[in-house]
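Subject: Model handover

Hello,

Here is the model we talked about. Please open it alongside this note.

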Amino acid sequence: MKIAIDRGSGFCFGVTEAINRAEEELARGPLFCLGDIVHNGQEVKRLEAKGLETIDYDDLRTLHNVRVLLRAHGEPPSTYRIAHNNNNEIIDATCPVVKKLQERICKTHLQHKDAQIVIYGKAGHAEVIGLQGQTNNTAIIIESPDDLDKIDFNRDIYLFSQTTMSVEGFGEIKSAIEHRSAANIVFEAHNTICRNVANRVANLKAFAAAQDLVLFVGGRKSSNAKVLFEHCREANPNTVFIEGPEDVNGLTANNEVVSLLRAQQSNIGICGATSTPLWLMENVKKAVEQTVTA
């Protein structure tokens with residue numbers, strides 16, 4: 001049996017930088033983080049054990065004179081105003097790709113006040129909340145073609161995307177808007193999907209296709225994990241979503257998975273999302289090795 005970890009999986013640049021920043025700042029003293037620093041429960045627990053305290057927006061409104069880290073997803077302008085009013089120090093770990101996108105959307109909103117800013121993304125997702133905030137919450141959020149009726153196709157449209165969405169999905173939304181828009185309007189589509197995320201898909205699918213069984217490690221809250229898991233499953237139907245090594249024993253309830261785990265010639269692949277730490281995938285590998293030798 002061969003058990004391989006996809007070395008192209010794991011934290012993206014933005015998440016890596018945010019976590020490194022958190023560890024640096026924790027060395028200086030108490031630190032709060034607005035929301036889970038990454039959509040991975042295991043990594044959140046690791047950092048909380050180091051002293052990082054996760055807070056929500058209600059907490060932010062009541063805290064004064066503290067240091068607050070903003071995670072890679074980014075925040076709307078209102079968050080900065082609340083922190084400033086409470087004399088809190090902001091440690092801004094917004095991903096540079098997300099920060100640039102926020103600036104583009106804000107600039108477009110200010111320059112084209114009568115136009116519609118449309119964002120292809122997950123409603124309620126932390127990044128999308130930050131993006132929508134650049135437009136005073138007037139941007140239209142489109143998750144799928146079913147949401148297109150929110151748009152007035154007789155008015156100018158500027159389309160952007162949450163950085164972790166599917167390239168194929170963006171193309172579908174773009175084509176549908178082009179087809180339905182009036183001939184005399186301005187329609188601009190900006191593919192703002194992170195290249196790091198977009199380039200992972202092909203590599204991840206190739207990795208998954210080469211395995212007999214794929215264990216995809218990700219957080220249940222992670223939008224990116226859900227997207228990449230589906231790509232893996234397209235390439236290899238024998239793909240199972242797990243959150244960590246504690247889920248490996250539960251796989252024994254699936255007879256088909258057990259047979260692949262026990263087969264002497266099986267290739268077992270372990271991969272994950274941009275929010276999945278490498279150390280967690282390595283722990284999953286150890287758990288698999290213990291399971292197959294038990």
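Which strands does helix α9 lie across? Helix α9 (residues 223-235) lies across β10, β11 and β12. Its direction is at about 160° to β11. Bear in mind throughout that this is a predicted model.

**The sheet under α9**

The strands that α9 covers belong to an open sheet of four strands. The order is β1-β12-β10-β11, and the pairing is parallel. β1 (2-5) and β11 (239-242) stand at the edges. Each has a single partner strand, so one side of each has no neighbour in the sheet. Neighbouring strands here are turned by 20° against each other on average, direction ignored.

Look next at β10 (residues 213-217) and β12 (residues 267-272). These two strands pair in the parallel sense over five bridges. To find the register, start at L215: its bridge partner in β12 is I270.

A further helix belongs in this picture. Helix α8 (residues 195-209) lies across β1, β10 and β12. It runs at about 155° to β12.

**The other sheet**

Four strands form another open sheet, in the order β3-β2-β4-β5. Pairing is parallel here too. The edge strands are β3 (52-55) and β5 (89-92), and each pairs on one side only. The twist averages 35° from one strand to the next.

Strand β2 (residues 31-34) pairs with β3 in the parallel sense, over four bridges. A handy landmark is L31, which stands opposite L52 in β3.

Which helix lies across β2, β3, β4 and β5? That is helix α1 (residues 13-26). It runs at about 170° to β4 (67-70).

**A helix pair**

Last, turn to α5 and α6. Helix α5 (residues 96-111) packs with helix α6 (residues 126-133) at an angle of about 30°. Their axes are 8 Å apart. The crossing is right-handed.

Which residues make the contact? From α5 come V98, L101, Q102 and I105. From α6 come E127, G130 and L131. By class, the contact has four nonpolar, two polar and one charged residues.

**Where to start**

I would begin with L215 and I270, then go to L31 and L52. After that, look at the contact of α5 with α6.

Best wishes

Technical notes. Residues numbered from 1 in each chain as written. Predicted model: local features only at pLDDT ≥ 70, side-chain atom pairs only at ≥ 80, totals over all residues. Heavy atoms only, no water. Axes fitted to C-alpha atoms, helices over the stretch in contact; angles between N-to-C directions. Left-handed = near helix turned anticlockwise from the far one by under 90°. Contact = heavy atoms within 4.5 Å. Nonpolar A, V, L, I, M, F, W, Y, C, P; charged D, E, K, R; others polar. Pairing = 2+ DSSP bridges.
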